[in-house]
Amino acid sequence: MKKVSVKVCIGTTCYIQGQENMKNLSKIIPEKYGDKVELTPSQCLGVCSIQWEAPKPPYVKVNDDIIKEATVEKVLQVIDEKLKELC
Ligand code: FES
């Protein structure tokens, strides 16, 4: 079975600038999606240091998509979209 991959950045920039907002993901994702979604913490995703863009942490990667200024709501919305693509 294909799964949606969710990588929550726990690098310093993301943690300091909003990772608090992501705390509930580790409870919500297993409850809502079971084993359809694989949630893992990630060291710096490398996005915060891109020169041509002002940093917009926290960042979360869902499959190949980077979510800027991630909130629980934004992450869940993208997961729902990715799960629909798998059907
Ligand atoms: S610390 Fe999160 S992308 Fe760099």
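This is a short talk on the sheet, the helices, the core and a few backbone details of the structure above.

Before I start, please keep in mind that what we are looking at is a predicted model.

Let me begin with the sheet. Four strands form an open sheet in the order β2-β1-β3-β4, and the pairing within this sheet is mixed. The edges are taken by β2 and β4, each of which pairs on one side only. From one strand to the next, the twist averages 20 degrees.

Now to the individual pairings. Strand β1, which covers residues 4-9, runs parallel to strand β2, residues 37-42, and six bridges connect the two. If you want to find this pairing on the screen, look at Ser5, whose bridge partner in β2 is Glu38, and then at Lys7, whose bridge partner in β2 is Thr40. With strand β3, residues 60-62, β1 pairs in the antiparallel sense, over three bridges. Here Val6 is a useful residue to look for, as Val62 of β3 stands opposite Val6.

I would like to stay with β2 for a moment and look at two of its residues. Thr40 lies in this strand and, with a relative accessibility of 28%, counts as partly exposed. Once neighbours within four places in sequence are left aside, the contacts of Thr40 are with Val6, Lys7 and Val8. Thr40 and Val8 are 32 residues apart along the chain, and yet their C-alpha atoms are separated by 6.3 Å. Ser42 also has its place in β2, but Ser42 is buried, since its relative accessible area is 14% and the cut-off for buried is under 20%. With the neighbours within four places again left aside, Ser42 is in contact with Lys7, Val8, Cys9, Ile10 and Gly11.

Next, the helices. Helix α2 lies across β1 and β2, and its direction makes an angle of about 165 degrees with β2. Helix α3 lies across β1, β2, β3 and β4, running at about 160 degrees to β1.

Helix α3 deserves a closer look. It comprises residues 72-86, and because 15 residues at 1.5 Å a residue should span 21 Å, the 21 Å between its end C-alpha atoms agrees with what one would expect. Which residues of α3 are buried? They are Val72, Val75, Leu76, Val78, Ile79, Lys82 and Leu83. These residues cover an arc of only 165 degrees around the axis, so they sit on the same side of α3. It helps to recall that an α-helix has 3.6 residues a turn, so residues three or four places apart point the same way. On the other side of α3, the residues Glu73, Lys84 and Glu85 are exposed. As for what the buried residues of α3 pack against, the elements are β1, α2 (25-33), β2, β3 and β4 (65-67).

That brings me to the interior. The largest nonpolar core has 18 residues, and those with the most contacts inside this core are Val6, Val75 and Ile79. Two or more residues come from each of β1, α2, β3 and α3, and the largest share, six residues, is given by α3. To see how Val6 is placed, again leaving aside neighbours within four places in sequence, one can go through its contacts, which are Ile29, Val37, Glu38, Leu39, Thr40, Val60, Lys61, Val62, Val75 and Ile79.

Finally, some details of the backbone that you may want to inspect for yourselves. Pro57 and Pro58 are joined by a cis peptide bond, with omega at about -5 degrees, and Pro58 has its place in the loop between β2 and β3. Where do we find residues with a positive phi that are not glycines? One of them is Asn63, with a phi of about 50 degrees, which is found in the loop between β3 and β4 and counts as partly exposed at 27% relative accessibility. Another is Glu69, with a phi of about 45 degrees, which lies in the loop between β4 and α3 and, at 43% relative accessibility, also counts as partly exposed.

To close, the picture I would ask you to keep is of an open sheet of four strands, with α3 lying across β1, β2, β3 and β4 and giving six residues, the largest share, to the largest nonpolar core.

Technical notes
Residues numbered from 1 in each chain as written. Predicted model: local features only at pLDDT ≥ 70, side-chain atom pairs only at ≥ 80, totals over all residues. Heavy atoms only, no water. Pairing = 2+ DSSP bridges. Expected span 1.5 Å × (residues − 1). Buried < 20%, exposed > 50% of the residue type's maximum accessible area, 1.4 Å probe, protein only. Arc of directions from axis to C-beta. Contact = heavy atoms within 4.5 Å. Axes fitted to C-alpha atoms, helices over the stretch in contact; angles between N-to-C directions. Core = buried A, V, L, I, M, F, W, Y, C linked by side-chain atoms within 4.5 Å.
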